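Colleague: Before we discuss this model further, I should like a close look at a single helix-to-helix contact, followed by its surroundings. Please treat the matter as one connected account.

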Amino acid sequence: MLWQVLFLSLTLASRAGAAPLDEAELRGFFEARWRATAEAPSPLRGAYGGCNVVSIQIESLQTFPLHRRLEGREITPELNRLAERGLEWTCCFGQTAGGNTSDAELLALCSLLPLQEGAAFRRCAGHDLPSLPRALKAAGYRTAVFHGNEPEVWNRHRMYPRLGMDLYVHAREFGMDERIGLGLSDRSFFEQTLPRLKELRRPFFAHLMTLSSHHPFQVGDATDFHPGPFAGTPFGDYLRSVHYADRCIGDFVRRLEASELGGNTLVVLYGDHRGITLEQRGDLARFYALTGGGGPTGETEDAFWWRQTLTVPLILLAPEREGVPTLQGRMDAPVGQVDIAPTLASLLGVPLPWALGQDLLNRPDGLVVFRRPELIRRDYWSAFEGQRVRDRHTGGAVLSVAVRSAWREAMRRQAASDALLERGIPSTGP
């Protein structure tokens, strides 16, 4: 099939990679980026200085269930509500590779790209890495991670100290009173986490990861959501698990905002990676048709169609501050998980000079780089260094000249990320 041939080709082509950077080239690359960032006017830079941050990484959550009803019932009513009163990026692409969930952490916390092969959390735990938690720790923050899984999964127990995390609360430190799937249920996880957040020295950065919507998506009677025509299928099980996670997240955010933390805490929510597989693309196409249309452009057999489905939610909730504009609305330009840390750093007024992403509130360039030889540049999708270019809105073919400079920049970003992951934080730099 066409999509199988193309994705195999993308995987093989990705192993060639970009030319490596020496240390001088690496410093020069980031110095130029940081200088441009620092010199750009940004009215919101530092507007939320001193705020706590709660980052919620949601297991296997893609964008397509949001803002849709199946047989009259909302699938994600809580996230829909949060998106409406916060700032929502509707076209945030998941950029993970072989490290899956741990790659999402690398992207969102470090603003670095995944490795070409394997997981950075396993292969790069021998040295410190630049990250938002490390930058916030240097600014006086307490940094913590909460996850209801075993600490050795993805080598997190070794990797988190390398990212500047002070505290890691995992399955052995929670009361395992309710299990769903791989570990502690999302309901119990959030109930046990909120009191611990209240005990942290402030300001703090807390990274929370849900688990119940992990494959194989079996949540039993923890939700009463019925997936209609998808009942009894993996796709239907996925929708049920997402509905359950959605309710747990909504309950947690309500209680957090009602607590003494609510008036001084930024909350960011994002999906980590895809939940459905290529084999379920037929169910996904049917889902779009049953829930109001508006699905991806093109044919389901085309890799271009599939790439458009691989977006994840990204929602930012900010407390009210005198003299600061309300952060609310929808932003439809393409962005990536790699942009989360620089955006938060800018709002908090903390320097993050080794970031590959960009501040999404200050004229981002619309370039999303993947580990495979693919990219998104504003209105275009491209693969194989410009050999294939499509208009994201019409699906029509486009001349490669439209993305030529984007490919040069994408390969430089890949090389810079690989160099930092291989060597750690340089002794001198931006």
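Modeller: In this predicted model, the contact in question is formed by Glu23, Leu26, Phe29, Phe30 and Arg33 of helix H2, which meet Glu409, Arg412, Arg413, Ala416, Ala419, Leu420 and Arg423 of helix H13. Sorted by character, the residues of this contact comprise six nonpolar, no polar and six charged. Helix H2 spans residues 23-39 and helix H13 residues 404-423; the two pack at an angle of about 120°, and their axes lie 10 Å apart. An angle of over 115 but not over 145 degrees falls outside the perpendicular and antiparallel classes, and H2 and H13 are therefore oblique to each other. The crossing in which H2 passes H13 is left-handed.

Arg33 deserves separate attention within this contact. Arg33 belongs to helix H2, and its relative accessibility is 19%. The limit for a buried residue is under 20%, so Arg33 counts as buried. Leaving aside residues up to four places away in sequence, Arg33 touches Ala355, Leu356, Gly357, Glu409 and Arg413. Two of the residues just named, Glu409 and Arg413, are also among the H13 residues met by H2.

From H13 one may continue to a sheet. H13 lies across strands E14, E15 and E16, and runs at about 45° to E14. These strands belong to an open sheet of four, ordered E14-E15-E16-E17 and paired antiparallel. E14 (367-369) and E17 (388-391) are the edge strands, each pairing on one side only. On average, and with direction ignored, neighbouring strands of this sheet are turned by 15° against each other. Within the sheet, E15 (residues 374-377) and E16 (residues 380-383) run antiparallel and are joined by four bridges. One of the paired positions is Arg377, whose bridge partner in E16 is Tyr380.

A second group of strands, with parallel pairing, may be set beside this antiparallel sheet. Strands of a sheet pair through backbone hydrogen bonds, either parallel or antiparallel. Strand E1 (52-58) runs parallel to strand E10 (residues 265-271), and seven bridges join E1 to E10. E1 also runs parallel to E9, to which five bridges join it. Val53 takes part in both pairings: this residue stands opposite Leu266 in E10, and its bridge partner in E9 is Phe205. Seven of the seven residues of E1 are buried, so this strand is largely enclosed by the rest of the structure. Asn52, Val54, Ile56 and Ile58 point one way from E1, whereas Val53, Ser55 and Gln57 point the other way, and all are buried.

E9 leads on to E5. Strand E5 (residues 142-147) has five of its six residues buried, so E5 too is largely enclosed by the rest of the structure. Six bridges join E5 to E9, the two strands running parallel, with Ala144 opposite Ala206 in E9. E5 pairs in the parallel sense with strand E6 (residues 167-169) as well, over three bridges. In that pairing, Phe146 stands opposite Val169 in E6.

The loops that adjoin E9 and E1 hold some backbone features to be noted. Ahead of E9, the peptide bond from Arg202 to Pro203 is cis, with omega near 0°. Pro203 is placed in the loop between helix H8 (186-199) and strand E9 (204-209). A further cis peptide bond runs from His215 to Pro216, with omega near 15°, and Pro216 is placed in the loop between E9 and helix H9 (234-258). Phe217 is found in the loop between E9 and H9. Phe217 has a positive phi, near 65°, in a residue other than glycine, and with a relative accessible area of 3% it is buried. His67 likewise has a positive phi, of about 60°, although it is not a glycine. The place of His67 is the loop between E1 and strand E2 (69-70). Its relative accessibility is 36%, so His67 counts as partly exposed.

To return to the part requested: H2 and H13 meet obliquely in a left-handed crossing, Arg33 of H2 is buried, and H13 lies across E14, E15 and E16.

Notes:
Residues are numbered from 1 along each chain as its sequence is written. This is a predicted model: local features need pLDDT of at least 70, side-chain atom pairs count only at pLDDT 80 or more; totals for chains, interfaces and linings use all residues. Side-chain values use heavy atoms; hydrogens and water are left out. Axes are lines fitted to C-alpha atoms, for helices over the stretch in contact, and angles run from 0 to 180 degrees between N-to-C directions. Angles under 35 degrees count as roughly parallel, over 145 as roughly antiparallel, 65 to 115 as roughly perpendicular and the rest as oblique. A crossing is left-handed if the near helix is turned anticlockwise from the far one by less than a right angle, and right-handed if clockwise. Contact means heavy atoms within 4.5 Å. Ala, Val, Leu, Ile, Met, Phe, Trp, Tyr, Cys and Pro count as nonpolar, Asp, Glu, Lys and Arg as charged, and the others, Gly among them, as polar. Two strands pair if DSSP finds at least two bridges between them. Buried means under 20% relative accessible area, exposed over 50%, partly exposed in between (1.4 Å probe, protein chains only).
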